[in-house]
Amino acid sequence: MAVPAAVADNGGVKVGLASQAYLESNPVKETKALISELCRQFYNLGWVTGTGGSITMKVHDDSVPKPQQLIVMSPSGVQKERMVPEDMYILSSDGSIISSPSPKPYPHKPPKCSDCAPLFMKAYEMRGAGAVIHSHGMESCLVTMLNPLAKEFRITHMEMIKGIKGHGYYDELVVPIIENTAYENELTDSLAKAIEAYPKSTAVLVRNHGIYVWGDSWINAKTQAECYHYLFDAAIKLHQLGLDWSTPEHGPIQKVNGILGNGKINVNVKAGTTSSYYEVEQLPRCIVLDIEGTTTPISFVTNVLFPYARGNVGKHLSATYETAETREDIGLLHSQVEDDLKHGVAGAVSIPSDDMRKEEVIAALVANVEAMIKGDRKITALKQLQGHIWQTGFEKNELEGVVFDDVPEALEKWHAMGKKVYIYSSGSRLAQRLLFGNSNYGDLRKYLSGFFDTKVGNKRETRSYIEIVESLGVDSPSDVLFVTDVYQEAIAARAAGLKVVVSIRPGNGPLPENHGFKTINSFSEI
């Protein structure tokens, strides 16, 4: 966007954003002063010591559309606690520098815009951010070292999670971790990939380095940055105590594979009952479960969930059309449909632009979604929207999740044994949490350590299971047991080195002869 074309209403006079008059206006001055003040605060918190770290924010001006607002950015290589407003850089909305600070005498270095600028711009461009904070806080660095192989930081059941956009106390917070590089700007591509791969995340950790946090405004970014640092600090302290921050009950960390002693463990199955012995054949440290045909009847998905989503698409889109959540869902659908049209996918129809009548846009969206559901497509655009529709259904008590009768007891048993249980399904993480949080046996999420969906990859691709193993941080892929009803998924998981068991349930499809996998009819057999 050409900067001179953007104008602001400065006291009733239209002025160009790049004009000297606007650069000296109150909105710009206030933003520069605010960054100076925040950097002093962040220095005292240990986030921007040693000239490290940085902050940037857009100049809030109601007369200028947010995408066109100017950007104020702190300089690089300066004492952040001693910065003054005159030290700031001003950039256009496309990242071009339009105002630089004047040089200072020795021993000050020549002025230089933040090395983080290319990364900050990714948050502005890809997330519509209003402010971005880059912290070198010790806790944001150390937390990435607890498990050098982990590609994500995960934590759940902590009050401060509620301070992160889109999350509640019971939710699992997932923050992607990217690898550090020698120079800040070399992180740009990996940060952009993480932002794209984790559309719900408002932060990216850089291993052995720090964190980038963004928000709709400086207040939102600051609040979230404080919450992230608190949670990282809590995880480090729990780790020092030998407790697992990634599980709902934060119990002892399991440091061994299999079972200690003679291969048997005394497990109290339910409060008030006598203890029972379970024979264990080196049950792996982690168990990853499929849903459809494994924990849950296929008929529940095809006869209840899919029809509910299909029957409520139009109503849901119409009622929530202007919300940020639905706008994101519509954006994903737009991109998917454009790709479908290029490849001649059956059922794909063109979606009118947003300047057309709302009803026309929704009608086209409904037609595409119905075709996607009919084709049982495992794509993020569909699964994310379905999750939001089902969320409404569960909240209104119009839906109740269903699991097989043997599932709750098995989950309770594995949890008592210290095993970590995860879900991997083509349904979105939200949909998974809804099903297990509102099941016919109550809330089962307390037994689950996390959820994976197609953002880690297609379930029939070996690379997806490699990604899961790396994120779990186990010593070997054989430390993970995967249970599924789909032969192609079993093949892919086995190729990645996981142990695999195939679930035989009523309504499941037939397996090939001589398939070579151990099969079970109930979780009690594991």
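Here are some short exercises with worked solutions on this predicted model.

**Exercise 1. Work out what lines the largest pocket.**

Start with the size: the largest pocket has a volume of about 1500 Å³. Next, look at who touches it. The lining has 47 residues, and P199, K200, S201, E328 and Q384 are the ones nearest the centre. Now map the lining onto secondary structure. The elements giving two or more residues include α3 (117–127), β11 (210–215), α8 (324–342) and α10 (380–395). Of these, α8 supplies the largest share, eight residues. Last, sort by class: you get 13 nonpolar, 19 polar and 15 charged residues.

**Exercise 2. Classify the ring pair F120 and Y212, then place the pair in the chain.**

Grab the geometry first: the ring centres are 6.0 Å apart and the planes make 70°. Pairing needs centres within 6.5 Å, and planes over 60 degrees apart count as edge-to-face. So this pair is edge-to-face. Then check where the partners live: F120 is in helix α3 and Y212 in strand β11, 92 residues apart, which makes this a link between distant parts of the chain. Finally, check accessibility: both F120 and Y212 are buried. For context, the whole model has ten aromatic pairs by this rule.

**Exercise 3. Do the same for Y424 and Y465, and find what sits over the ring of Y424.**

The ring centres are 5.5 Å apart and the planes are at 80°, so this pair is edge-to-face. Y424 belongs to strand β15 (residues 420–424) and Y465 to helix α13 (residues 462–472), so to speak of sequence, 41 residues apart. Both Y424 and Y465 are buried. Now for the ring face: the charged end of K459 sits over the ring of Y424, 5.3 Å from its centre. If you want another case to try, R327 has its charged end over the ring of Y321, 4.8 Å from the centre.

**Exercise 4. Trace the neighbours of strand β14 and say which way its side chains point.**

Begin with the strand itself, residues 286–289: C286 and V288 point one way, I287 and L289 the other, and all are buried. Then follow the pairing. β14 runs parallel to β15, with four bridges joining them. In β15, I287 has V421 as its bridge partner. β14 also pairs with strand β17 (residues 480–484), again in the parallel sense and over four bridges. There, L289 of β14 has V483 as its bridge partner.

How values were computed
Residues are numbered from 1 along each chain as its sequence is written. Side-chain values use heavy atoms; hydrogens and water are left out. On a 1 Å grid over the protein atoms alone, a cavity is a set of points where a 1.4 Å probe fits but cannot get out, and a pocket is an open set with protein on both sides within 12 Å along at least five of seven lines; lining residues have an atom within 4 Å of a point. Grid points are joined across faces, edges and corners, and a volume is the space filled by probe spheres set on the points. Ala, Val, Leu, Ile, Met, Phe, Trp, Tyr, Cys and Pro count as nonpolar, Asp, Glu, Lys and Arg as charged, and the others, Gly among them, as polar. Rings of Phe, Tyr and Trp (its six-membered ring) pair if their centres lie within 6.5 Å; planes under 30 degrees apart count as stacked, over 60 as edge-to-face and the rest as tilted. Buried means under 20% relative accessible area, exposed over 50%, partly exposed in between (1.4 Å probe, protein chains only). A charge sits over a ring if NZ of Lys or CZ of Arg is within 6 Å of the ring centre and within 35 degrees of the ring normal. Two strands pair if DSSP finds at least two bridges between them.
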